[in-house]
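Biologist: I'd love a close look at one part of this protein: a strand in its interior and what lies around it. Could you take me through it step by step?

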Amino acid sequence: MHDIRAIRDTPAAFDAGLARRGLAPQSAAILALDEARRACILAAETAQAERNAASKDVGAAKARGDDAEFERLRALVSEKKDEIARLEDEAKEKDAALADMLATIPNLPAADVPDGADEAANVEINRWGSPRAFAFTPREHFDIAGVKPGLDFETAAKLSGARFVVMQGAVARLHRALAQFMLDVHTLENGLTEVNGPVLVRAETMFGTGQLPKFGEDSYETTNGWWLIPTSEVSLTNIVAGEILDATELPRRYTAHSLCFRSEAGSAGRDTAGMLRQHQFEKVEMVSITHPDHSDDEQKRMLGCAEGILERLEIPYRTIVLCTGDMGFGARRTFDIEAWLPGQNCYREISSVSTCGDFQARRMNARFRPAGGGKPEFVHTLNGSGLAVGRCLIAVLENGQQADGSVLIPQALHAYMGGKTMITPEGQLA
């Protein structure tokens, strides 16, 4: 959500920010509606003052026996009452229209975000590790001999349809181990508080983080109005919705391992093979609630937390900053981490770490009280994958594959696998 006062004060800057996202100017339409709303409020207040004055004079006219003036004033009071009700209704309608308009406008990009129309303008800022030189042609995860017994797409299709998978045996255990490993690193070393929250949330919770109203088709709504979360960013960030925190409570840092659900609207035909893009998947999410002065540093910190997971798993990756045309709706700046997938011979996204400034906080009315006192201010919110568990599983399987169809498990996971170090060509742990 945007600050209407900032749009009033600097409409050109607001439109310039939208232009960087490839959008047409909107300040004129916003301010026209805002002016009409404010005019209704002022007119209602003026009418209320006139009604109050007339109400006082009614008694005086009655007392001095001026029946004509009494009747005129009484009629004026009644007329003003109707006028006030009409103006207040108009003001509410315009206020709702203004809120609806602002709710569908994306966040403005930070000044240092590169300009560009699409992913082609994204800028690489870091690269770690070197892709392994294979003595054979590496396979995609679903074609590795030792992995095939653990990925059952046919049964999943029977149960649920396309873009689902049934994992079993060694692969299911490796998937679970990855999530546990990520949570342990984030809670024991990175200072995040583990949360186990709902995956079904109210519509206002989805609104708070920007999934509604504009992107409802990307998620699933139940028949009684709950929504399945597309990521636990939704539930974690909304923990502070409607709250006024003390400045000493900041930053709050959360992590959660949860099921996530996405309809993948608009992605027909993309990444249909394997488990790269599914309707149901798991993520370990990171969310930070910070003081505005510290949010940029917090984003870099969170990025390091996500990168550190891949480094421990010995997965080569690169980090890019998204251009203005490729950022998500609520982000001011986004860093994407892309893991090397030898089966596809390319880097693929495995984490996005975004700072949203006060954009989500305004939607949620999440504030803090400054240390020196004074009026509460909006917090800044940040979110990032730490990491997408299914995609991390793909990266581990493809990077660890051997010529005989077995898979070597990264050393960081051995303790989580009961000391097992590999998946055999037959799909067993050894």
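Modeller: Happy to! When I speak of helices and strands, I mean DSSP runs: a helix is H or I over at least four residues, a strand is E over at least two, and both are numbered from the N terminus. Please keep in mind that this is a predicted model.

Let's start with β11, which covers residues 317-321. Is this strand enclosed or open? Four of its five residues are buried, so β11 is largely enclosed by the rest of the structure. Buried here means a relative accessible area under 20%.

What pairs with β11? Strand β1, residues 123-128, runs antiparallel to β11 and is joined to it by five bridges. If you want a spot to find in the viewer, look at N126, whose bridge partner in β11 is T319. Strand β12, residues 333-341, is also antiparallel to β11, again with five bridges between them. A landmark for that pairing is V321, which stands opposite F335 in β12.

Now step back to the nonpolar core. The largest one has 50 residues, and the members that touch the most others are L174, L178, M182, L313, L387, L397 and L413. Both β11 and β12 are among the elements that give two or more residues to this core, as are α6 (169-188), β10, α9, β13 (346-355), β16 (380-388) and α11 (389-400). Helix α6 provides the largest share, ten residues.

Two of these core elements lead to unusual backbone spots. A reminder before we visit them: most peptide bonds are trans, and most residues other than glycine have a negative phi. L387, one of the core members with the most contacts to others, lies in strand β16. The peptide bond leading into L387 from G386 is cis, with omega near 20°. The other spot is E314, in the loop between α9 and β11. Although E314 is not a glycine, its phi is positive, near 60°.

Helix α9 takes us on to a small piece of empty space. The structure holds one cavity of 30 Å³ or more. Two or more of its lining residues come from each of β9 (252-261), β10 (280-290) and α9 (295-312). Which element gives the most? That is α9, with four residues. The full set of lining residues is L192, R253, Y254, M286, V287, S288, E298, R301, M302 and C305. By type, six of them are nonpolar, one is polar and three are charged. The space inside comes to about 40 Å³.

Strand β9 has a notable stretch of chain leading up to it. P251 lies in the loop between β8 and β9, and the bond joining L250 to P251 is a cis peptide, with omega of about 0°. At the other end of that loop, β8 belongs to an open sheet of three strands with mixed pairing, in the order β8-β14-β15. β8 (244-246) and β15 (377-378) each have a single partner strand, so each leaves one side without a neighbour in the sheet. The partner of β8 is β14, residues 367-369, and these two pair in the parallel sense over three bridges. There, D246 has R369 of β14 as its bridge partner.

As a bench biochemist you may also wonder about cysteines. A disulfide is a covalent bond between the sulfur atoms of two cysteines. How many does the model contain? With a cut-off of 2.5 Å between the two sulfur atoms, the count is zero. C323, for example, is in no disulfide, as the nearest cysteine sulfur is 17 Å away, in C356. C323 is also buried, with a relative accessible area of 0%. And why is C356 unpaired? Its closest cysteine sulfur, in C260, is 16 Å away, which is too far for a bond. C356 counts as buried too, at 3% relative accessibility.

So here is the picture to keep: β11 is largely enclosed, with β1 and β12 as antiparallel partners, and it gives residues to the largest nonpolar core.

Technical notes
Residues numbered from 1 in each chain as written. Predicted model: local features only at pLDDT ≥ 70, side-chain atom pairs only at ≥ 80, totals over all residues. Heavy atoms only, no water. Buried < 20%, exposed > 50% of the residue type's maximum accessible area, 1.4 Å probe, protein only. Pairing = 2+ DSSP bridges. 1 Å grid on protein atoms, 1.4 Å probe; cavity = no way out; pocket = protein on both sides within 12 Å on 5 of 7 lines; lining within 4 Å. Points joined across faces, edges and corners; volume = space filled by probe spheres on them. Nonpolar A, V, L, I, M, F, W, Y, C, P; charged D, E, K, R; others polar. Core = buried A, V, L, I, M, F, W, Y, C linked by side-chain atoms within 4.5 Å.
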